[in-house]
Protein chains: 2
Amino acid sequence: MVNISTEDYLKAIYQINTEKNEAATTTEVACKLDISKAATTEMVQKLSERGFINYEKYKGVELTDEGKKIALQILRRHRLWELFLIKVLGLTWSEVHDEAERLEHTTSDLLINKIDEYLGFPDFDPHGSPIPDKFGVLPEMPALTPLSECDTGISYRIMLVNDASNELMNYFTSIGIELKTELYLSGRLDFDRTLFIEINGIRHPVTEKMAKHLFVEKV
Amino acid sequence: MVNISTEDYLKAIYQINTEKNEAATTTEVACKLDISKAATTEMVQKLSERGFINYEKYKGVELTDEGKKIALQILRRHRLWELFLIKVLGLTWSEVHDEAERLEHTTSDLLINKIDEYLGFPDFDPHGSPIPDKFGVLPEMPALTPLSECDTGISYRIMLVNDASNELMNYFTSIGIELKTELYLSGRLDFDRTLFIEINGIRHPVTEKMAKHLFVEKV
DNA sequence: TCCAAAAGTTAGGTATGCCTAATTATTTAT
DNA sequence: ATAAATAATTAGGCATACCTAACTTTTGGA
């Protein structure tokens, strides 16, 4: 059994908070971290005592300012590492996630600031996610729509790919999906909302679940 | 309390084995890792069961081939990171040790091999220590003498600086000691074996304990 | 050679972070 | 409004990796 760090809890809670725009439930946190709900309850109580989150029995959790600060620090480290590994060391889109997942916990402020500087203080990581600056401030981002909610018969540009599994990233790469890729959304099945997209004139099916990971803007 | 990893135990044992050229005692390991002798005994028993070390009650420990392989992998990661941080990201001699101490545990083979390649498969780290290659093989090294055992009235070149504390590294840097620095060993006190070295014509005292960390060859 | 000091091990205990099973609270559907 | 389903918490337990204190073995000097 590998112990999950405080940082991982705060990161998970931050992500859930951000996606839902409300308190994260015990179940959601447990599910994201792949541990039992009981373990989550226990840790959530401790994190609350330590002042990182606001927790009320049965009401879910939200980050305090202090918790948010730490979560943003971790996102900063994660995203800068991903960009660095791709741009400088030549790793691939599907390789960087797991690597960054480990490095983010063992990188000092000194080092991450050097990496930031080396990269020229970038605003976005290789998946299009915004990189918090050294003060924890996120760059401005345009409002994006998940491809799953888009209208057919229109062209879009991919602006953010939600970092899910290695396998999914590889699949996206294999059909030509990268950041800034333009695609034409040609149709959608009523049956199960499978989408059809065209990239460089080639048609690919995309399941609804996949499409929820692709965030686009109109071309 | 921060848990010490298997990797840290093997690394410590490797270093003691290498320095002494015989089995590491419980006390030495405990001291190096800053834990109790009891905890060391317990862990040493487990590592022995897992086949990483040969351990006999009251007789100290030595690495098995498997244990040695892991220790060399960690040294490889540590030393490549140190070089990378200095050469690519501009960290200083005194900053890299602690950083590498953490990164060495969270770096995949894939990543460390990319770093190795980026650096052009170097043989030595910034302290002059040999870097094991991807198969765990150490490069050839000339036999070096600790400055503490050298004769006075002769010039030497620093070929290896034993990575001790941050503070010591800073002090060395401040008096002009770097890798490949040439110095003239002008004298030694009978009183406490304090040495006097000259670098760029300036004379500095060096305690015997410090001098044990400096390994040199005749110019 | 033998005894005291040093080194090493064993015993017993603690904190952490996970687990499953049982219980309690909340939500949902009729 | 209430029962059933779902969600969350509590209770009790376990493994890990540390600790201190007590005991045993080894070593080194008179």
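**Exercise 1.** How far does a polar side-chain atom of B:Glu42 lie from a base nitrogen of DNA strand D? Determine also which parts of strand D the side chains of B:Ser36 and B:Tyr58 approach.

*Solution.* The model is predicted.

Step 1. For B:Glu42, the separation between a polar side-chain atom and a base nitrogen of DNA strand D is 3.0 Å.

Step 2. The side chain of B:Ser36 has an N or O atom 2.8 Å from a phosphate oxygen of DNA strand D.

Step 3. In B:Tyr58, a polar side-chain atom is 3.3 Å from a sugar or linking oxygen of that strand. A polar contact requires N or O atoms within 3.5 Å.

**Exercise 2.** Describe the protein surface near DNA strand D.

*Solution.* Step 1. There are 21 residues around DNA strand D, and among those that come nearest are A:Thr27, A:Gln45 and B:Ile4.

Step 2. By class, this surface comprises 11 nonpolar, seven polar and three charged residues.

Step 3. Of the atoms of strand D within 4 Å of the protein, 77% belong to sugar or phosphate, and the rest belong to bases.

**Exercise 3.** Characterise the interface of chain B and chain A.

*Solution.* Step 1. Contact involves 19 residues of chain B and 19 residues of chain A.

Step 2. The two chains bury about 1700 Å² between them, with 70% of this on carbon and sulfur atoms. B:Leu89, B:Thr106 and B:Leu111 supply 31% of the area that chain B buries against chain A.

Step 3. The count of salt bridges between the chains is zero, whereas four residue pairs are in polar contact across the interface.

Step 4. H6(B) provides five residues, the largest share of the side of chain B that touches chain A.

Technical notes
Residues are numbered from 1 along each chain as its sequence is written. Chains are lettered from A and ligands numbered from 1 in the order in which they are written. This is a predicted model: local features need pLDDT of at least 70, side-chain atom pairs count only at pLDDT 80 or more; totals for chains, interfaces and linings use all residues. Side-chain values use heavy atoms; hydrogens and water are left out. Contact means heavy atoms within 4.5 Å. Buried area is the accessible area (1.4 Å probe) that two parts lose on being put together, summed over both. A salt bridge is a side-chain nitrogen of Lys or Arg within 4 Å of a carboxyl oxygen of Asp or Glu. A polar contact is a pair of N or O atoms within 3.5 Å; within protein, one must be able to donate a hydrogen and the other to accept it, and residues adjacent in sequence count only if both atoms are side-chain atoms. Helices (H or I, at least four residues) and strands (E, at least two) are DSSP runs, numbered from the N terminus. A residue is near a molecule or strand if one of its heavy atoms lies within 4 Å of it. Ala, Val, Leu, Ile, Met, Phe, Trp, Tyr, Cys and Pro count as nonpolar, Asp, Glu, Lys and Arg as charged, and the others, Gly among them, as polar.
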